[in-house]
Amino acid sequence: MIKLYNIPMSGNCHKIRLMLCFLDLDYTTLDLDLSNREQKSEAYLQRNPFGQAPLLDDNGTIIRDSQAILVYLASQYGGEQWWPKAPNQLAEISAWLSTAANEITHGPALLRAHHLFGREINQPMALATTQKVLNIIDAQLSNQSWLVSNTMSIADIAIYPYIALAHQGEIDISSFVHISTWCARIEALHHYIAMPGIDMHTGEQ
Ligand SMILES: N[C@@H](CCC(=O)N[C@@H](CS)C(=O)NCC(=O)O)C(=O)O
């Protein structure tokens, strides 16, 4: 059985919870006890030296990092819909995974960490990063339903959670119509699951 080392309030972990559900895979979540710093315990650091979640254990195959786990699940279990063969599509998906790890992490995810968990951040820089990445994503979605090609991919899953949680970082995405519609499109999918803090979006899909 697939085991997901998990933090319930983590958008990075939610990417993996979503992917496992979309693939309809059996899995179990092991919630880390943050109050006892379980993520920094010797036993956990042996699995992930970075001391972070998500971490996937697929019958002994251990993968850290949300983007890497999405790649693993898509290529191992997803078939061509989730892991296309075309090099240009794979490159485009990789570019969005990088955006998730960079601009999304240093923009909306950081603002949420500040407003929800009190993390010290450079707010003007996080706000500027957020505005820029939201503009780019909204433009990308203005004439296509999904971030890459004409079908949902792990690019969408990697970008979605911290956008849907952006209001917890005091960012209002309602003026980004294409993003709001894309969120609603994802939330309408069979097997979609929410997490605390995600309010379902409305919009024509
Ligand atoms: N690049 C990593 C970042 C993971 C990460 O930042 N995890 C946070 C939760 S969202 C964490 O484990 N925080 C606990 C800690 O760092 O002690 C990924 O995408 O998985």
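1. Let me start at a loop: Ser-149 lies in the stretch between α6 and α7. Please keep in mind as you read that this is a predicted model. Ser-149 is not a glycine, yet its phi is positive, at about 60 degrees. Is its surface buried, partly exposed or exposed? With a relative accessibility of 27%, Ser-149 counts as partly exposed.

2. Next, Val-148, which is also found in the loop between α6 and α7. Val-148 has 2% relative accessibility and so counts as buried, the cut-off for that class being under 20%. If you would like a distance to check in your viewer, take the C-alpha atoms of Val-148 and Val-133: they are 15 residues apart along the chain and separated by 16 Å.

3. The loop between α6 (123-140) and α7 (154-164) is also the place of Ser-153. Ser-153 has a relative accessible area of 4%, so it is buried. What does its side chain reach? The side chain of Ser-153 comes to 3.1 Å from the backbone nitrogen of Ala-155.

4. A positive phi of about 65 degrees turns up at Glu-170, again a residue that is not a glycine. Glu-170 has its place in the loop between α7 and α8 (177-187). Buried or exposed? Glu-170 counts as exposed, because its relative accessibility is 62% and the class begins over 50%.

5. Now the peptide bond to look at. Ala-53 and Pro-54 are joined by a cis peptide bond, with omega about 5 degrees. Pro-54 belongs to the loop between α2 (42-47) and β3 (55-58). Ala-53 deserves a second look in the next point, as one of the residues that come nearest to the ligand.

6. On to the ligand, which will probably interest you. Where does it sit? The ligand occupies the largest pocket. Around it are 13 residues, of which Gln-39, Lys-40, Ala-53, Asp-65 and Ser-66 come nearest. By class, the shell around the ligand divides into 4 nonpolar, 7 polar and 2 charged residues.

7. Here are the polar contacts to inspect. Gln-39 places a polar side-chain atom 2.9 Å from an oxygen atom of the ligand. Asp-65 has a polar side-chain atom 2.9 Å from a nitrogen atom of the ligand. For Gln-52, an N or O atom in the side chain is 3.5 Å from an oxygen atom of the ligand. How much of the ligand's area does the protein bury? Taken alone the ligand exposes 510 Å², and the protein buries 71% of that.

8. A last stop is Thr-99, found in helix α5, which covers residues 87-117. Thr-99 counts as buried, because its relative accessibility is 15% and the limit is under 20%. How far apart in space are Thr-99 and His-201? From C-alpha to C-alpha they are 22 Å apart, with their positions 102 residues apart in sequence.

9. To pull the loop points together for your own viewing: Ser-149 has a positive phi and is not a glycine, and Glu-170 likewise has a positive phi without being a glycine. In the loop between α6 and α7, Val-148 is buried and Ser-153 is buried, whereas Ser-149 is partly exposed. On the ligand side, Gln-39 and Asp-65 are among the residues that come nearest, and each has a polar side-chain atom 2.9 Å from a ligand atom.

Notes: Residues numbered from 1 in each chain as written. Predicted model: local features only at pLDDT ≥ 70, side-chain atom pairs only at ≥ 80, totals over all residues. Heavy atoms only, no water. Near = heavy atom within 4 Å. Polar contact = N/O pair within 3.5 Å; in protein donor to acceptor, adjacent residues only side chain to side chain. Areas by Shrake-Rupley, 256 points an atom, 1.4 Å probe, with all protein chains shown as cover. 1 Å grid on protein atoms, 1.4 Å probe; cavity = no way out; pocket = protein on both sides within 12 Å on 5 of 7 lines; lining within 4 Å. Sits in = over half its atoms within 2 Å of the grid points. Nonpolar A, V, L, I, M, F, W, Y, C, P; charged D, E, K, R; others polar. Helix = DSSP H or I, 4+ residues; strand = E, 2+ residues; numbered from the N terminus. Buried < 20%, exposed > 50% of the residue type's maximum accessible area, 1.4 Å probe, protein only.
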